[in-house]
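Q: I have a model open and want to go through how its pieces fit together. Can you take my questions as they come?

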Amino acid sequence: MKIAILSRNSKLYSTMRLVEAAKARGHQVRVIDPLRCYMNITSHRPSIHYKGETLDDFDAVIPRIGASITFYGTAVLRQFEMMGVYPLNESVAITRARDKLRSAQLLARKGIGLPVTGFAHSPDDINDLLTQVGGAPVVIKLLEGTQGIGVVLAETHKAAESVIQAFMGLKANIMVQEFIGESKGSDLRCLVIGDKVVAAMKRQAREGEFRSNLHRGGSATLVRITPEERSTAVRAARVMGLNVCGVDLLRSNHGPVVMEVNSSPGLEGIENATNKDIANTIIEFIEKNCRPYHTKTRGKG
């Protein structure tokens, strides 16, 4: 097969591993910077151009689109879909997962466990909002944040009020969630491919930090997850419509709760923690499922 990987940096660990795995399985693979793609949007012959050449004849595309380029990156991916190229994750599923509020609403509608979450627009409603999520301590999250950036733990009512007012003053969109203290600064990253959790690791925040992201200095270890945690991760991926994703869970007193569904999970931490060849499993998944137009939206998203 001829596989395109949409990535801004061919030297990133995840991108390099996917290239390596695809080549080892006999495929042609090319890394393409989505921001250098430009498109001809027509009814009969949609096309994508890259540094002066036309991109065609690809069988599959693997999107590794960073949060900062979601809008343009998903537009490029949608164009590939319109041309009949099989996307590992569809553009509409990626945009759905990137919006934290929309994700929470979709997961809640399907009865998947979440921390109690509040959302408001007016500063006049802050006190009532904090009461609804169970009062301080609370976690305040920027809807556009990634890798733990824009996530604040407010330990008192006064601090929560000040932080929310500051964000609202900057016209930033935020949501407020109950703090799951019993997780003790750890979470579970479950890597879902298709309808299976193929690997799971426990991420532990460093001393004095509540965010367990590896980018924030957290550590990762192999973990055995429960059948309920496995089922929650698979259901969350299905609700988002993602074939490959990282589902972040917290172990709360009332069972597993979903913190986030990541449509472009990094492979380095989980491959090192679990000693599993995730990149190879992703390429195998594409081989089994890659057929022209074998997508739900066909780029209509």
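Q: How many bridges join β15 to β16, and do they run parallel or antiparallel?
A: In this predicted model, strand β15, residues 244–252, is joined to β16 by seven bridges. The two strands run antiparallel.

Q: What stands opposite G246 there?
A: N262, in β16.

Q: And what is the strand order of the sheet?
A: It is an open sheet of five strands, in the order β14-β13-β12-β15-β16, and the pairing is antiparallel. β14 (219–222) and β16 (255–262) are the edge strands, each of them paired on one side only. From one strand to the next the twist averages 30°.

Q: Which helix packs on that sheet?
A: Helix α9, residues 278–289. Helix α9 touches β12 (186–193), β13 (196–204) and β15, and its direction makes about 35° with that of β12.

Q: Back to the strands. How many bridges join β12 to β13?
A: Eight, with the strands running antiparallel. One pair to look at is L191 with its bridge partner A199 in β13.

Q: Which residue takes a positive phi in the hairpin of β12 and β13?
A: G194, with phi near 65°. That hairpin has two residues between the strands.

Q: How many bridges for β13 to β14?
A: Four, and these strands also run antiparallel. K202 has T221 in β14 as its bridge partner.

Q: Switching to helices. At what angle do α2 and α3 cross?
A: Roughly 160°, with the axes of α2 (residues 70–82) and α3 (residues 91–98) coming within 9 Å. An angle over 145 degrees counts as roughly antiparallel, so α2 and α3 are roughly antiparallel to each other.

Q: Which residues make the contact?
A: On α2, T70, T74, L77, R78 and E81; on α3, S91, I94, T95 and R98. By class, the contact of α2 with α3 has two nonpolar, four polar and three charged residues.

Q: What about α3 and α4, how do they pack?
A: At an angle of about 100°, with the axes 5 Å apart; α4 covers residues 100–109. Angles of 65 to 115 degrees count as roughly perpendicular, so α3 is roughly perpendicular to α4. The contact is made by T95, R96, A97 and R98 of α3 with K100, R102, S103 and L106 of α4. In the contact of α3 with α4, two residues are nonpolar, two polar and four charged.

Q: Now the inside. Which residues touch the most other members of the largest nonpolar core?
A: F80, V247 and V261, in a core of 39 residues. Helix α7, residues 227–240, gives the most to this core, with five residues.

Q: What does F80 touch?
A: Leaving out residues up to four places away in sequence, F80 touches L6, I48, L55, F58, V61 and V85. Apart from that core lies another, of 27 residues, including A21, I193, F285 and C290.

Q: Last one, E20. Where is it, and why does it count as partly exposed?
A: E20 is in helix α1, residues 13–24. Its relative accessibility is 49%, and the partly exposed class runs between 20% and 50%, so E20 falls in that class. The C-alpha atoms of E20 and A279 are separated by 8.3 Å, although the two residues are 259 residues apart along the chain.

Definitions and conventions:
Residues are numbered from 1 along each chain as its sequence is written. This is a predicted model: local features need pLDDT of at least 70, side-chain atom pairs count only at pLDDT 80 or more; totals for chains, interfaces and linings use all residues. Side-chain values use heavy atoms; hydrogens and water are left out. Two strands pair if DSSP finds at least two bridges between them. Axes are lines fitted to C-alpha atoms, for helices over the stretch in contact, and angles run from 0 to 180 degrees between N-to-C directions. Contact means heavy atoms within 4.5 Å. Angles under 35 degrees count as roughly parallel, over 145 as roughly antiparallel, 65 to 115 as roughly perpendicular and the rest as oblique. Ala, Val, Leu, Ile, Met, Phe, Trp, Tyr, Cys and Pro count as nonpolar, Asp, Glu, Lys and Arg as charged, and the others, Gly among them, as polar. A nonpolar core is a set of buried Ala, Val, Leu, Ile, Met, Phe, Trp, Tyr and Cys residues joined through side-chain atoms within 4.5 Å. Buried means under 20% relative accessible area, exposed over 50%, partly exposed in between (1.4 Å probe, protein chains only).
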